[in-house]
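Subject: structure handover

Hi,

Here is the structure I promised to pass on. Have a look, and then read on for what turned up.

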Amino acid sequence: DDSIGEKLVELAKRRGYFFQSSGAYGGVGGFYTFGPQGAALKGNVEDAWRDRFAVAEGNMEIDAPTIMPEPVFEASGHLDGFDDMLVECPDCGESHRADHIVEDNTEYEDAESLPIPEVEEVIAEYELVCPNCGAGLAGQAVETFNLMFGTNIGPGDSQPGYLRPETAQGIFVEFPRLKEYARNQLPFGVTQIGRAYRNEISPRRSIIRTREFTQAELEFFIDPETDEPDLSAVADVEVRLYPASEQNVEDGEEIRTTIGDAVAEGVIASPWVAYFLGVAKRWYDAVGVDMDRFRFRQHLSGERAHYASDCWDAEGELDGNWIELAGFSDRGDYDLSKHAAHSEDRFTVFRQYDEPKTVERATVDPDMSYLGPEFGGDAQAVVSELETLAERDRAAFEGDSVTIDLDGESHELPTEKTGFAVEEQTEAGEHIIPHVIEPSFGVDRLVYTVLHHAYREDEVDGEDRTYLELDPEVAPTFVGVFPLQNDDELEATANDIVADLRDAGLSVTYDDSGNIGRRYRRQDEVGTPFCVTVDYETLEEREAQRASDTASGDAPRAEATTVTVRERDTTAQKRLPVSDLPELMADLRAG
Ligand code: ATP
């Protein structure tokens with residue numbers, strides 16, 4: 001039997017959820033197009049994410065470009081550190097992720113953290129082979145491969161740029177302006193939903209690992225000393241946790257607990273990370289992830305990105321494999337510090353003291369131009385060295401002379417010439433670099449998981465049936481409307497119902513092709529929660545009503561006729577009044 005994943009990929013193509021792009025040209029690995037149903041489902045998931053993580057949390061949403069200039073990624077660390085391990089097959093020439101090959105075929109759980117020579121040794125020792133053609137990989141060089149797609153901005157190659165590998169940098173880089181919109185008050189959050197690009201060595205499992213995908217990210221900026229989350233809002237959320245083992249190199253024991261207890265017992269170190277795990281768990285449940293196949297797993301040391309101090313992943317189980325759906329990391333002040341150091345802008349926020357503080361400040365004479373000639377005219381460099389030294393090590397000024405380093409050479413200056421003094425100053429506050437808590441969601445993987453967890457097979461009237469038990473909130477089509485047969489009057493009535501339901505804001509599909517059973521099956525496979533069928537009974541009721549109106553001399557009334565409404569999961573059918581449909585359906589959609 002095929003796995004659900006295999007059946008799902010086939011269904012997805014047939015019914016317009018997703019399929020490999022550029023098929024007319026042979027297709028290219030790692031790029032997928034969402035068809036009409038998939039685009040609608042993805043849009044609904046994104047709207048639900050926006051409602052939860054931007055609107056309900058009071059965060060601001062922005063929309064930044066997907067191409068950014070090279071200095072951004074020099075500062076962020078992606079240019080140097082955003083690498084995967086590549087090994088090429090000597091026979092078929094196909095490239096693979098060396099760490100994946102090791103993890104898939106040995107007991108190593110965290111091959112990403114191993115140094116390259118060790119990965120090469122493991123490949124040789126286990127005689128690992130190419131997953132494509134079976135040729136031995138022993139002796140092949142393992143190389144680092146940067147995942148960013150490069151491009152040139154403008155003509156020529158004078159300004160290199162990159163397609164962003166995560167949406168986050170578009171938020172960090174604009175922090176100096178964003179903090180103004182937040183009126184310089186911490187904490188505040190900024191969200192973004194958009195495309196990210198990674199030149200994955202081996203894209204796999206359809207839309208789970210692609211080269212272009214959608215992320216929904218929240219960068220939440222906090223003052224690490226004073227800001228605390230309202231944990232009471234999520235304290236009773238039940239979670240299944242896999243903390244890393246003590247050595248931090250393999251998964252530890254599973255713990256079933258609540259967010260409140262996990263923080264109290266120190267299982268989750270950062271209360272902010274814990275807060276967002278709680279919010280996320282509820283949200284995943286609401287959009288249709290099966291909570292029996294969902295967990296949070298702490299990152300192992302080698303798995304953590306270059307910036308993260310603690311990180312937990314949300315994972316969903318698909319055909320026996322746990323797949324990362326989102327990462328929740330405490331990024332500390334890594335990103336803002338880097339951009340502050342590499343750019344001209346200010347990445348700080350002013351932290352006001354409760355009361356002004358009197359502080360001692362060590363200073364040096366800022367006008368030491370007389371030192372210029374001695375140091376190649378660069379008096380400024382001398383002053384800045386002395387200032388740094390005065391801040392860090394006052395004792396250095398206690399003797400008759402002070403030693404400083406300039407361009408690798410050490411120089412002695414008479415202390416009296418430096419103008420060293422300790423002054424008292426009153427300060428209202430200080431400039432701090434905020435810390436960042438980042439919940440980072442992959443939308444494509446979530447769409448896949450929602451479909452996979454909704455996939456059902458049963459038997460109806462002795463026939464096999466496949467249906468998607470999608471949550472009404474995210475189902476791409478909410479209701480299908482069918483005339484029972486090709487008949488002008490049935491069709492006209494069905495079209496009127498379609499118009500009324502669309503006016504009520506519902507996504508409706510009209511279908512008059514094939515027998516009614518086939519039309520139901522089609523909507524079952526798409527995951528449409530309800531179908532409405534206009535049949536001859538509807539017309540008979542209308543005739544009877546007209547006749548009675550005419551007989552009693554009344555003006556013809558609004559028609560109180562009924563239609564068959566069928567529910568997807570149970571296939572139960574009911575007759576309901578046409579005039580009630582828009583309100584009833586809108587209520588069902590809202591849950
Ligand atoms: P992985 O280890 O699977 O490569 P990652 O840890 O590098 O992922 P993050 O940098 O944490 O991923 O990205 C955040 C989210 O973006 C992930 O949880 C995932 O849902 C999504 N994501 C990352 N890479 C891809 C990809 N190639 N295709 C689809 N979604 C992705």
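For the charge tally below, Lys and Arg count as positive and Asp and Glu as negative, while His and the chain ends are left out. On that basis the protein carries 51 positive and 125 negative charges, and the mean positions of the two sets lie 7 Å apart. Before you go further, note that this is a predicted model.

**Overall picture**

The protein has 18 helices and 28 strands. Its radius of gyration is 31 Å, against near 25 Å for a compact globule of 591 residues. The C-alpha trace spans about 120 × 65 × 55 Å along the principal axes. Of the 591 residues, 48% count as buried. The accessible surface adds up to about 28,300 Å², and carbon and sulfur atoms account for 44% of that. As for contacts between residues at least 6 apart in sequence, 67% of them join residues at least 24 apart.

**Cysteines**

How many disulfides does a search of the whole structure find? Zero. Cys 133 is the one you might ask about: the closest cysteine sulfur to its own is in Cys 89, 3.5 Å away, and that is too far for a bond because a disulfide needs the two sulfur atoms within 2.5 Å. Cys 133 is partly exposed, at a relative accessible area of 39%. Cys 311, on the other hand, is buried, with 6%.

**Backbone oddities**

Which peptide bond is cis, with omega near -5°? That is the one from Leu 186 to Pro 187. Pro 187 sits in the loop between α8 (175-181) and β10 (188-197).

Two serines have a positive phi, so you may want to look at both. Ser 22 has a phi of about 55° although it is not a glycine. You will find Ser 22 in the loop between β1 (18-20) and β2 (32-34), and it counts as partly exposed at 44% relative accessibility. For Ser 206, phi is near 40°, again positive in a residue other than glycine. Ser 206 belongs to the loop between β10 and β11 (212-222). Is Ser 206 buried or exposed? Buried, with a relative accessible area of 10%.

**Two buried residues and their contacts**

Glu 525 is part of helix α16 (residues 516-526). Glu 525 counts as buried because its relative accessible area is 11%, and the cut-off for buried is under 20%. Setting aside residues up to four places away in sequence, Glu 525 touches Leu 11, Arg 14, Arg 15, Tyr 17, Thr 466, Tyr 467 and Leu 468. Glu 457 is 68 residues from Glu 525 in sequence, yet their C-alpha atoms are 10.0 Å apart.

Leu 470 lies in the loop between β23 (463-468) and β24 (479-483) and is buried, at 2% relative accessibility. Apart from neighbours within four places in sequence, Leu 470 has contacts that include Tyr 17, Val 450, Leu 451, Ala 454, Val 526, Gly 527 and Arg 568. Asp 569 is 99 residues from Leu 470 along the chain, with 9.6 Å between their C-alpha atoms. Tyr 17 turns up in both contact lists, that of Glu 525 and that of Leu 470.

Cheers

Technical notes
Residues numbered from 1 in each chain as written. Predicted model: local features only at pLDDT ≥ 70, side-chain atom pairs only at ≥ 80, totals over all residues. Heavy atoms only, no water. Helix = DSSP H or I, 4+ residues; strand = E, 2+ residues; numbered from the N terminus. Rg over C-alpha atoms; globule rule 2.2 N^0.38 Å. Buried < 20%, exposed > 50% of the residue type's maximum accessible area, 1.4 Å probe, protein only. Contact = heavy atoms within 4.5 Å. Areas by Shrake-Rupley, 256 points an atom, 1.4 Å probe, with all protein chains shown as cover. Charge placed at Lys NZ, Arg CZ, Asp CG, Glu CD.
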